[in-house]
Amino acid sequence: MIPHPEVHPDGDPSTGRKASISREDLLAAALKLIGPHRSVSTLSLREVAREAGIAPNSFYRQFRDMDELAVALIDLAGRSLRKVIGEARQRIGSDKSIVHGSVSTFIEQLRADDKLLHVLLREGTVGSDAFKQAVDRELEFFEDELRIDLIRLAAADGATLHEPALVSKAITRLVFAMGATAMDLPPEKDAELIDQLAQMVRMILTGSRAIAEE
């Protein structure tokens, strides 16, 4: 007896393809195909459609093209990471621990199975202009939220920061640049990297406070 192919209830039994699919399903399919050494900009529409189990033409019901899917992935990655790191900052009290905790959370997300952080780190350097603009937009969101937290923490210590917007930009760009390097390093190096990054961030903060005091 020949077994019937597994297929979505609304799909095509002759191909095993699904008849319909959501944007989230396509984003999940794309994430499965990327990794530390492959960016979303290298994916083809047919690859994503095959991974999602749909005919290539069905892709266009959700996205105009692969560029639109890539930008949607970048936006999803940014929202997800901001939520995780924002929650980590809220859980941590002191200035010193919040730096180390935030950096640790960032590296943990780098090693997470969902690969969302890989999207932000890769597309900002190898993607199209549209991808780079989308990554820059997400980084600016990070910078703005971090600026607010840094001002709050400094005020709690009775201190002020010189150019807090520039401080948050320096920290954000530093952490993301180091994160891009960390993708090619073994996880055994994470503890050393976290300590180095946390120390660099504290140096930036200390310098900003010292300039403000002058």
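Helices here are DSSP runs of at least four residues (H or I) and strands are runs of at least two (E), both numbered from the N terminus. On that basis, the chain has 9 helices and 0 strands. Please keep in mind throughout that this is a predicted model.

**View 1. The whole chain, an all-α run of elements.** Let us start with the overall picture. From the N terminus on, the order of elements reads α-α-α-α-α-α-α-α-α. Of the 214 residues in the chain, 42% are buried. Among contacts with a separation of 6 or more, 68% link residues that are 24 or more positions apart. The accessible surface of the chain is about 11700 Å², and carbon and sulfur atoms account for 53% of that area.

**View 2. The largest nonpolar core, with 59 residues.** Which residues have the most contacts inside this core? They are L26, V48, L69, F106 and F176. Two or more core residues come from each of helix 1 (23-33), helix 2 (45-52), helix 4 (66-91) and helix 5 (95-110). Helix 6 (116-126), helix 7 (129-156), helix 8 (164-182) and helix 9 (190-213) also give two or more residues each.

**View 3. L26 of helix 1 and its contacts.** L26 sits in helix 1, and its relative accessible area is 0%. Buried means under 20% relative accessible area, so L26 counts as buried. Leaving out residues up to four places away in sequence, L26 touches I21, V48, A52, I54, F59, Q62, F63 and L69. One of these partners, F59, is 33 residues from L26 along the chain, and the two C-alpha atoms are separated by 7.9 Å. L26 is also among the residues with the most contacts inside the largest nonpolar core.

**View 4. V48 and its contacts in the core.** V48 is another of the residues with the most contacts inside the largest nonpolar core. Which residues does V48 touch, once those up to four places away in sequence are set aside? The partners are L26, A29, A30, L33, L43, F59, M66 and L69. L26 and F59 thus tie this view to the previous one: V48 touches both, and L26 touches V48 and F59 in turn.

**View 5. An aromatic cluster of F59, Y60 and F63.** Over the whole structure, a search finds 4 aromatic pairs. F59 and Y60 make an edge-to-face pair, with 5.8 Å centre to centre and 85 degrees between the planes. F59 and F63 make a tilted pair, also listed at 5.8 Å centre to centre, with 40 degrees between the planes. Buried or partly exposed: how do the three residues of the cluster count? F59 is buried because its relative accessibility is 0%, and F63 is buried because its value is 1%. Y60, with a relative accessible area of 47%, is partly exposed. F59 and F63 both appear among the residues that L26 touches.

**View 6. E163, a residue with a positive phi between helix 7 and helix 8.** Most residues other than glycine have a negative phi. E163 is not a glycine, yet its phi is positive, at about 50 degrees. Where does E163 lie? It is found in the loop between helix 7 and helix 8. With 45% relative accessibility, E163 counts as partly exposed.

**View 7. S168 of helix 8 and its contacts.** S168 belongs to helix 8 and is buried, with a relative accessible area of 1%. Setting aside neighbours within four places in sequence, S168 is in contact with E143, L146, R147 and L150.

**View 8. A182 of helix 8 and its contacts.** A182 lies in helix 8 and is buried, its relative accessible area being 0%. Apart from neighbours within four places in sequence, A182 contacts L110, R111 and L193. R111 is 71 residues from A182 along the chain, and their C-alpha atoms are separated by 9.6 Å.

**View 9. Helix 9 and its buried residues.** Helix 9 has 24 residues and reaches 35 Å from its first C-alpha to its last, close to the expected 34 Å. Which residues of helix 9 are buried? They are D190, L193, I194, L197, A198, V201, L205, S208 and R209. An α-helix has 3.6 residues a turn, so residues three or four places apart point the same way. L193, buried in this helix, is one of the residues in contact with A182.

How values were computed
Residues numbered from 1 in each chain as written. Predicted model: local features only at pLDDT ≥ 70, side-chain atom pairs only at ≥ 80, totals over all residues. Heavy atoms only, no water. Core = buried A, V, L, I, M, F, W, Y, C linked by side-chain atoms within 4.5 Å. Buried < 20%, exposed > 50% of the residue type's maximum accessible area, 1.4 Å probe, protein only. Contact = heavy atoms within 4.5 Å. Expected span 1.5 Å × (residues − 1). Areas by Shrake-Rupley, 256 points an atom, 1.4 Å probe, with all protein chains shown as cover. Phe/Tyr/Trp six-rings, centres within 6.5 Å; stacked < 30°, edge-to-face > 60°.
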